[in-house]
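Subject: Structure handover

Hi,

Here is the structure I promised to pass on. Please open it alongside this email, as my notes on it follow below.

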Amino acid sequence: MRLRPLPSAKADLFHALTFLYQTSSTLFLCMFRKSIRVNHILKLSQQRGSLSNGVLVSGGVAAEAAQMVANVRALLTEAGCQLNNVLSIVNRVTDLANQTVVDLAWTNAFVAEGARIRYVGQVQQSEVLYGGALVETVVKAADCDWNQT
């Protein structure tokens with residue numbers, strides 16, 4: 001069976017999406033869904049300190065980090081998870097000096113919920129983050145209550 005070539009516009013979109021998927025599965029995920037389940041792992045797409053309308057909160061890194069953590073908690077709750085279910089957190093910051101502020105936001109969230117801090121944290125520095133954000137995160141969680149969603 002021979003495949004027909006796609007019309008130019010569709011082919012361009014297909015190749016662009018394929019490239020994005022191959023180069024950054026998180027970016028591909030972020031374009032379409034807030035989270036995805038694979039077996040018993042829940043992966044949240046990149047989360048920033050933005051309100052539900054997509055506007056970043058004002059107040060700098062501390063405010064963005066607090067809102068980012070709140071967004072993650074809301075998505076975890078929606079999926080039937082808690083912070084206890086978190087396996088890994090990857091934070092991306094524009095300035096590594098801000099990482100302590102981001103760590104404090106996560107620590108406060110875990111302590112407030114009475115959760116065990118057992119996640120693997122990783123920090124990456126990026127010169128530019130989407131929408132001008134100062135910090136963003138990608139979270140993986142496991143063993144959620146799959147029947148709630």
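Start at Asn85: its side chain reaches the backbone nitrogen of Gln82 at 2.7 Å. Please keep in mind that this is a predicted model. Asn85 sits in the loop between helix 3 and strand 3. Is Asn85 buried or exposed? Asn85 counts as buried, because its relative accessibility is 12% and the cut-off for buried is under 20%.

Now the charged pairs. Side chains of opposite charge can pair when their charged atoms come close. How many salt bridges does the count give? The count comes to three.

Take Glu136 and Arg48. They form a salt bridge, and the closest N and O atoms are 3.6 Å apart. Glu136 belongs to strand 5, residues 135-142, and Arg48 to strand 2, residues 41-48, so this pair ties together parts that are 88 residues apart in sequence. Glu136 is buried, with a relative accessible area of 4%. Arg48 is buried too, with a relative accessible area of 11%.

Next, Glu113 and Arg73. Here the salt bridge has its closest N and O atoms 3.2 Å apart. Glu113 is in helix 4, which covers residues 99-113, and Arg73 is in helix 3, residues 60-78, so the pair ties together parts that are 40 residues apart in sequence. What about exposure? Glu113 is partly exposed, with a relative accessible area of 31%. Arg73 is also partly exposed, with a relative accessible area of 29%. Both values fall between the cut-offs, because buried means under 20% and exposed means over 50%.

Then back to Glu136, this time with Arg92. Their side chains meet in a salt bridge, 3.6 Å from N to O. Glu136 is in strand 5 and Arg92 in strand 3, residues 86-93, so this pair ties together parts that are 44 residues apart in sequence. Arg92 counts as buried, with a relative accessibility of 15%.

Which residues are linked in a network of salt bridges? They are Arg48, Arg92 and Glu136. Glu136 pairs with Arg48 and with Arg92. Look at this group in the viewer with strand 5 and strand 2 in view, along with strand 3.

Best wishes

Definitions and conventions
Residues numbered from 1 in each chain as written. Predicted model: local features only at pLDDT ≥ 70, side-chain atom pairs only at ≥ 80, totals over all residues. Heavy atoms only, no water. Salt bridge = Lys/Arg side-chain N within 4 Å of Asp/Glu carboxyl O. Helix = DSSP H or I, 4+ residues; strand = E, 2+ residues; numbered from the N terminus. Buried < 20%, exposed > 50% of the residue type's maximum accessible area, 1.4 Å probe, protein only. Polar contact = N/O pair within 3.5 Å; in protein donor to acceptor, adjacent residues only side chain to side chain.
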